[in-house]
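Biologist: I am new to this structure and should be grateful for a close look at a single part of it. Please choose one strand and describe its surroundings in a connected account.

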Amino acid sequence: MSSPMRAVLVPLEIDPAPPSPGSRLHLLAGVSMGTDWSVRLMLPPAFDADLQGVLQEELDQIVAQMSHWDSASLLSRYNRAPAGTWHALPPQFFAVMDYALSVREETGGAYDPAAGALVNLWGFGPSSRYDQAGFYAPDRELVAAVLAERQGRRPRLDRDSRALYQPGGAILDLSSVAKGYAVDCLAQRLEALGLRHYLAEVGGELRGAGVKHDGQPWWVELEGVPDTAASPVPQSVVALHGLAVATSGDYRRYFHHAQRRASHTLDPRTGFPVANDVASVTVLAPSCMAADALSTALTVMGVEAGLPFAEQRRLAVRYLVREGEGLREVHTKAWRALLQD
């Protein structure tokens, strides 16, 4: 019986520095952002900081600022704020909005952190959910009306004063970038404490650095598509050594509408769930925030527009595209450069 195909990806730059002598593998875990988080790290001897508390506090601050599920969060208060008001942003919220709005500009609106009205309309927000009784998918007239309303309700970021303008009715949803940012924050907090050999994860988004006690990197199996028939797409594993990874997939939250899969990934330009047969997009990048946001943006753009976009920016990207009952794999040159023969 032949062994299954396997693709192995290794970063181009390797830091050979080992963990401190006597370091031991340590696991931390908890709950945040409606999902699980974990950190595996090589802990030096006599390290006595309350890492669990430090990392949980870091995540709690992000939730307090950017959660659209928590009605008391800064984001929720912004969404309810009256028209014509400016809102000072703390450094973390500002960093996320600054990056998210830059991705919106780069992608021509294929990615939009202020698409919360559409997210709610399609039942993927915090209330009137698609999986609850009484939900009905919106018709074209209603989608068109929400799109028209959004045209004049775009938030503006004043980068000098670090303040966000509420034009009235703008609804932020940072669920496609905040988890990745949270992973980066965990990594940065660990490194600030002198801990440089770790694998940090929040809800399936990951970032790793350094190596384990045996000198091996943090090997991670990349997310596949669970609801498809056997296909020639190989199982892929990556050494997360100075790299982060995020995947956007149409199989996570969806319902069937008009004989198609209506996934939680919406095209902010049309107001409808993406319908380009993209099953998943995986992005490898130094920053998990970038990998998180770009995996969503590239899903919306599809292969035809997304692949040239990714190639121009030398992004390591893998598309899995539905073809019949199987999948077709498409990847960028930067992704292929990481593949080991």
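Modeller: A suitable place to begin is a pairing between two strands of this predicted model: Gly249 of β11 has Ser280 as its bridge partner in β14. This pair belongs to an antiparallel arrangement in which β11 and β14 are joined by six bridges. Strand β11 also pairs with β8, again antiparallel, through three bridges. There, Leu206 has Val245 of β11 as its bridge partner.

Strand β11 spans residues 243-249, and seven of its seven residues are buried. The burial concerns both faces of the strand: Leu243, Val245, Thr247 and Gly249 are covered on one side, and Ala244, Ala246 and Ser248 on the other.

The account now turns to a pocket. The second largest pocket holds about 540 Å³ of space. Its lining comprises 26 residues, and Leu243 is among the closest to the pocket centre, together with Pro11, His241, Gly242 and Pro286. Strands β8 (205-209) and β14 (278-285), along with helix α8 (333-338), each give two or more residues to this lining. By residue type, the lining consists of 15 nonpolar, five polar and six charged residues.

For the wider setting, the largest nonpolar core has 67 residues, and Val39, Leu41, Phe93, Leu174 and Leu298 have the most contacts inside it. Helix α7 (residues 288-312) supplies the largest share of this core, with twelve residues. A second, separate core has 15 residues, including Trp218, Val238, Leu240 and Ala316.

Note on methods: Residues are numbered from 1 along each chain as its sequence is written. This is a predicted model: local features need pLDDT of at least 70, side-chain atom pairs count only at pLDDT 80 or more; totals for chains, interfaces and linings use all residues. Side-chain values use heavy atoms; hydrogens and water are left out. On a 1 Å grid over the protein atoms alone, a cavity is a set of points where a 1.4 Å probe fits but cannot get out, and a pocket is an open set with protein on both sides within 12 Å along at least five of seven lines; lining residues have an atom within 4 Å of a point. Grid points are joined across faces, edges and corners, and a volume is the space filled by probe spheres set on the points. Helices (H or I, at least four residues) and strands (E, at least two) are DSSP runs, numbered from the N terminus. Ala, Val, Leu, Ile, Met, Phe, Trp, Tyr, Cys and Pro count as nonpolar, Asp, Glu, Lys and Arg as charged, and the others, Gly among them, as polar. A nonpolar core is a set of buried Ala, Val, Leu, Ile, Met, Phe, Trp, Tyr and Cys residues joined through side-chain atoms within 4.5 Å. Buried means under 20% relative accessible area, exposed over 50%, partly exposed in between (1.4 Å probe, protein chains only). Two strands pair if DSSP finds at least two bridges between them.
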